[in-house]
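Thanks, everyone; I would like to take a few minutes to walk through one model, beginning with a single residue and working outward from there. Please have the sequence and the structure open as I go.

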Amino acid sequence: MKFSTSHILAVAVAALIASLTTSCSEPEAQARQAAASSDTMRMEVLRRAALANGAARAADLIIPTQPARVEVGRLIFESPKMSLNGAISCRDCHLDEFGSTDGLPNAVGVGGEGKGLERLDSNGRILPRNVLPFWGRGGKGFDTFFWDGRVRKGPDGIVSQFGVKAPSTDPLVVAAHLPSVELREMVEDTPQIRDAYVAEDVSDANSIQRALAQRFADDETIGPRLLQTYGKAKSDVTFSEIADALSQFIRHEFRMRPTAFERFVFDGGPITDAQLAGGILFYGRGRCASCHTGPYFTDFAFHSVAFPQAGFGKNGFGIDEGRYNATLDPRDRFLFRTPPLHNVTRTAPYSHSGSVTSLDKAIIAHFDPLRLVDTKPMTVRERSDLYVRLGTASRETLPSALTDSEVRQLVAFLTMLEFEAVSR
Ligand code: HEC
Ligand code: HEC
């Protein structure tokens, strides 16, 4: 009598199950089996939720770049000639060791020296906001920039302080125009400079940028490569080439790479119990995906979470009115762009003013913000501002109370969104 392979396998499996069930009691084995199949179901639930919320493979988000332009952009990004006073580069605040941010609550701008904490002891101007990282900026569909979305691609083109004269139809290129002319960031804020150039005024910004472009065209190392790559004569170089090179560099260097979550969703990759529980919470009861959705884990919309406010604030006296600064629409007060979450484990501290130091606190701020602040030493003004922000946050669909262990599970889930920025 002949046995088919499947028959042999079936007998072997039956024997295995028999040996398992004899080694432990019947109910225990049944419970184990039930747990395994419910895990499989929960994994399937998580995969489906991720796909329904726009999870995408990194490879499908990448916009190709030109290597020669990327290399010119890298040189410009790292050059202090990018700033009017010749002392600060883009790299000073966007560092590899801090996941393309600076590790500080509020960035230290012009006049600052050193890296990370050293900068706090230097004489630099403190900026009102936490540095944003670059992961996925420049990928397909990433079209809203800065905490307040002051550069944004809408149905009728780019909305920014450039008005109808946006220097490009690519929002990253438009965004790359701003840092070099922001007061305190890369331009000293003195009465003389204020008189001569006011960042918000586009024509003045243009004159700074013409000077910077000429500087790079004249630079011994960067100049020749810039001219050759863009096929320009020295006198024809404009800031368009500089901004294009910067954005080619950012688009390439910080492009999306596959994560453990991508491998789990698309390739059946592994997941731990805590990550699975965190993922189910993220898309389910935690309501995280009502804002942190889509391929970049942001809806590119503006919401209010009553994070504590640290530092002087964009609007002064410890206040940052967020999106309102870009639209002047009172309904936008205290709203901020939902932050993307890739590599968020590497970019502490968190929130628009860097007021919380760890991911668990960043999550707690969404449902129990008062746990993170001591209202006693607050001034009347700070306190009333906090109540307004609690009011705007209360109108959002935020998670209801989560336990400490649920918060830990969410943090475990967020580690699945890490990727290594490897090969150039
Ligand atoms: C003094 C520190 C500092 C320097 C120098 C600096 N940045 Fe930034 N960068 C920031 C801060 C702070 C933010 C967030 C500001 C905000 O959203 O209001 C930011 C945000 C950005 C963003 C938006 C990212 C996003 O998620 O929307 C881009 C793009 C950017 N910077 C590019 C650059 C470039 C290019 C340079 C050099 C020309 C540069 N930065 C120099 C501090 C700095
Ligand atoms: C109503 C929309 C909304 C919901 C729901 C939401 N978030 Fe957020 N989240 C935001 C906004 C907006 C910010 C930034 C607010 C600020 O800086 O003032 C933020 C900030 C964060 C940050 C800090 C990121 C950084 O780079 O500073 C993390 C982490 C985070 N959210 C995770 C979560 C998790 C986990 C959940 C579910 C438990 C969740 N969020 C639910 C809108 C939301």
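Let me start at Leu172, which sits in helix 5, and let me say at once that what we are looking at is a predicted model. Is Leu172 buried or exposed? Its relative accessible area is 4%, and because the limit for calling a residue buried is under 20%, Leu172 counts as buried.

Who, then, are the partners of Leu172, once neighbours within four places in sequence are set aside? They are Arg137, Gly138 and Phe145, together with Ser247, Ile250 and Arg251. If we go from Leu172 to Val151, we cross 21 residues in sequence, while the C-alpha to C-alpha separation in space is 8.4 Å.

Val151 has a longer list, again without its neighbours within four places: it is in contact with Asp143, Thr144, Phe145 and Phe146, with Ile158, Val159 and Ser160, and with Pro171, Val174, Ala175 and Leu178. Phe145 therefore appears in the contact list of Val151, given that contact here means heavy atoms within 4.5 Å.

That brings me to the largest nonpolar core, which has 49 residues, and in which Val151 is one of the members that touch the most others, alongside Ile76, Met82, Leu226, Ile242 and Leu246. At least two residues of this core come from each of helix 3 (67-77), helix 5 (171-175), helix 7 (202-218), helix 8 (222-230) and helix 9 (239-253), with helix 9 giving the largest share, seven residues. In terms of domains, at least three residues are drawn from each of domain 1 (41-60 + 257-415) and domain 2 (67-253). Apart from this core lies another, of 33 residues, which includes Ala49, Ile364, Val407 and Phe413.

Let me now turn to ligand 1. Which protein residue serves as donor to its iron atom? The single donor from the protein is His94, through NE2, at 2.2 Å, and His94 belongs to the loop between helix 3 and helix 4 (117-121). The side chain of His94 also places an N or O atom 3.0 Å from a nitrogen atom of ligand 1.

Around ligand 1 there are 25 residues, of which Cys90, Cys93, His94, Arg137 and Phe146 come nearest. Two arginines deserve a mention for their distances to oxygen atoms of the ligand: a polar side-chain atom of Arg129 is 2.9 Å from one, and an N or O atom in the side chain of Arg337 is 2.8 Å from one.

Notes: Residues numbered from 1 in each chain as written. Chains lettered and ligands numbered in written order. Predicted model: local features only at pLDDT ≥ 70, side-chain atom pairs only at ≥ 80, totals over all residues. Heavy atoms only, no water. Core = buried A, V, L, I, M, F, W, Y, C linked by side-chain atoms within 4.5 Å. Buried < 20%, exposed > 50% of the residue type's maximum accessible area, 1.4 Å probe, protein only. Helix = DSSP H or I, 4+ residues; strand = E, 2+ residues; numbered from the N terminus. Domains from an automatic or database assignment. Donors = N, O, S within 2.8 Å, 3.2 Å for Na, K, Ca; no water. Near = heavy atom within 4 Å. Polar contact = N/O pair within 3.5 Å; in protein donor to acceptor, adjacent residues only side chain to side chain.
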